[in-house]
Amino acid sequence: ELDRLCRERVVEDFLELHTKHKELLLFLNIDGSVMTDEIVGSGNIINLVNNLNLKPENIVLEIVESKVNNVQALNKFVEIYRNYGFLIALDDVGSGHSNLDRITIAQPDIIKIDRVIVKDMHIDYYKQEVFKSLVSLAKTLGALVVAEGIETEEEAMKAIELGADMLQGYYFAS
């Protein structure tokens with residue numbers, strides 16, 4: 001219930017921004033650990049978006065792939081919401097117990113490369129090579145790449161140089 005309430009508040013707040021800037025996307029976190037067959041088919045997200053007269057095309061459903069326990073529910077969730085027109089992003093790719101098989105299941109529109117790889121990437125050859133490999137994979141699959149956790153100008157510049165399409169992090173907060 002708390003997860004739904006948070007989602008409702010965020011989408012309602014986005015509505016005001018969206019009326020002024022139709023091109024904006026809202027990245028909406030979906031907790032993969034609670035993804036079950038019962039939850040997946042509930043229709044809560046599409047009903048929320050429809051009730052506020054938003055277009056699903058302006059909402060990116062961001063799934064932390066390493067937290068998904070039920071792969072069949074993930075597959076069903078992605079299929080249902082992609083058919084509604086939502087964009088799908090895999091979050092934290094490259095961190096923790098990240099499973100590349102989730103990319104084949106979710107077929108994401110956006111792959112968010114985790115801060116674990118991005119941090120100090122400008123001085124770490126191995127991180128650069130992993131980042132480049134993930135970018136190459138994403139581009140081959142037709143997905144955009146977000147570099148997460150950018151905290152310095154050097155990290156931002158290296159991520160752009162290596163092919164990131166979007167950047168996210170505290171560096172841009174001020």
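Backbone, burial and ring pairs

Me: Between which two helices is the loop that holds Asp120?

Reply: This is a predicted model in which local features need pLDDT of at least 70 and side-chain atom pairs count only at pLDDT 80 or more, while totals for chains, interfaces and linings use all residues. Residues are numbered from 1 along each chain as its sequence is written, and side-chain values use heavy atoms, with hydrogens and water left out. Helices (H or I, at least four residues) and strands (E, at least two) are DSSP runs numbered from the N terminus. On that basis, the loop with Asp120 runs between helix H6 (115-118) and helix H7 (125-141).

Me: Which residue in strand S3 has a positive phi although it is not a glycine?

Reply: Most residues other than glycine have a negative phi. Asp120 departs from this with a phi near 60°, and a positive phi of about 60° also belongs to a residue in strand S3 (residues 87-93), namely Asp92.

Me: Which side chains of strand S1 point to one face and are buried?

Reply: In a regular strand the side chains alternate between the two faces of the sheet. Buried means under 20% relative accessible area, exposed over 50%, and partly exposed in between, with a 1.4 Å probe and protein chains only. In S1 (residues 26-30), Phe27 and Asn29 point to the other face and are not buried, whereas the buried face carries Leu26, Leu28 and Ile30.

Me: Which residue of S2 stands opposite Leu26?

Reply: Two strands pair if DSSP finds at least two bridges between them, and S1 pairs with strand S2 (residues 59-64) in the parallel sense over five bridges. Within this pairing, the residue standing opposite Leu26 is Ile59.

Me: Why does Lys158 count as buried?

Reply: Lys158 lies in helix H8 (residues 153-161). Leaving aside neighbours within four places in sequence, Lys158 is in contact (heavy atoms within 4.5 Å) with Met121, His122 and Gln128. Lys158 counts as buried because its relative accessible area is 14%.

Me: At what angle do the ring planes of Tyr125 and Tyr126 stand?

Reply: Rings of Phe, Tyr and Trp (its six-membered ring) pair if their centres lie within 6.5 Å, with planes under 30 degrees apart counted as stacked, over 60 as edge-to-face and the rest as tilted. The count by this rule comes to five aromatic pairs. The centres of Tyr125 and Tyr126 are 5.7 Å apart, and the pair is edge-to-face because the planes stand at 75°.
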